[in-house]
Amino acid sequence: MDDPVPPRSAEPRPRRRDRHGRGMRGPVAPPQVPLSASRAEAFTDLVQDSVERLERRWPQLADVDFLVLEVPPVGGPGGPDREWHDEAVPLGGSIAAAEGRPARVVIYRRPVEIRTKGRDERAALVHEVVVEQVADLLGLSPESVDPRYGDED
């Protein structure tokens, strides 16, 4: 009985295990594994791949902003006071440069995802939409923007 038990400190101890003794839970996969990328991040990567492919052929696209939005604006094409009726939901859009603002190409993620079943089909549709919007922006045909436009691979 020479060694008395030291008194417990008033500060709480750091938890090393959960209450069932299994240890702390961590992420399912490390961040560098594609599994941990969200659907939105994966979609943005598809758009970026398509843009990089086109920038090699059209260097002026470096001045264009490419954006990914979840869905088109509520008002539909033509402004917030116009309603969606029987019109198809757009997959993308382009806005010409004006007053110090660069030109923009917008891709709508959810409408594209709904129309595709797998990653390869989604990548093909994303590229088609990007090509169509760039063609609209440049005033060219999609075939002249990308000669492989419309090819079934």
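The exercises below work through a predicted model, from its overall make-up to single residues.

**Exercise 1. State how many helices and strands the protein has, and the order in which they run.**

Step 1. The count is four helices and three strands.
Step 2. Read from the N terminus, the order of elements is α-β-β-β-α-α-α.

**Exercise 2. Describe burial, surface and contact range for the whole protein.**

Step 1. The protein has 153 residues, and 26% of them count as buried.
Step 2. The exposed surface comes to about 11,500 Å², with 52% of it supplied by carbon and sulfur atoms.
Step 3. Among contacts with a separation of 6 or more, 56% are between residues 24 or more positions apart.

**Exercise 3. Find which residues touch the most other members of the largest nonpolar core, and which element gives the most to this core.**

Step 1. The core holds 22 residues, of which Ile107 and Val130 touch the most other members.
Step 2. Two or more residues come from each of α1 (39-57), β3 (104-108) and α3.
Step 3. With seven residues, α3 gives the most to this core.
Step 4. For Val130, set aside the neighbours within four places in sequence; the contacts are then Val47, Ser50, Val51, Leu54, Phe66 and Ile107.

**Exercise 4. Locate Ala124 and decide whether Ala124 is buried, partly exposed or exposed.**

Step 1. Ala124 belongs to helix α3, which spans residues 119-138.
Step 2. The relative accessible area of Ala124 is 43%.
Step 3. Buried requires under 20% and exposed over 50%, so Ala124 is partly exposed.
Step 4. As a distance check, Asp151 lies 27 residues from Ala124 along the chain, with 9.9 Å between their C-alpha atoms.

Definitions and conventions. Residues numbered from 1 in each chain as written. Predicted model: local features only at pLDDT ≥ 70, side-chain atom pairs only at ≥ 80, totals over all residues. Heavy atoms only, no water. Buried < 20%, exposed > 50% of the residue type's maximum accessible area, 1.4 Å probe, protein only. Core = buried A, V, L, I, M, F, W, Y, C linked by side-chain atoms within 4.5 Å. Contact = heavy atoms within 4.5 Å. Areas by Shrake-Rupley, 256 points an atom, 1.4 Å probe, with all protein chains shown as cover.
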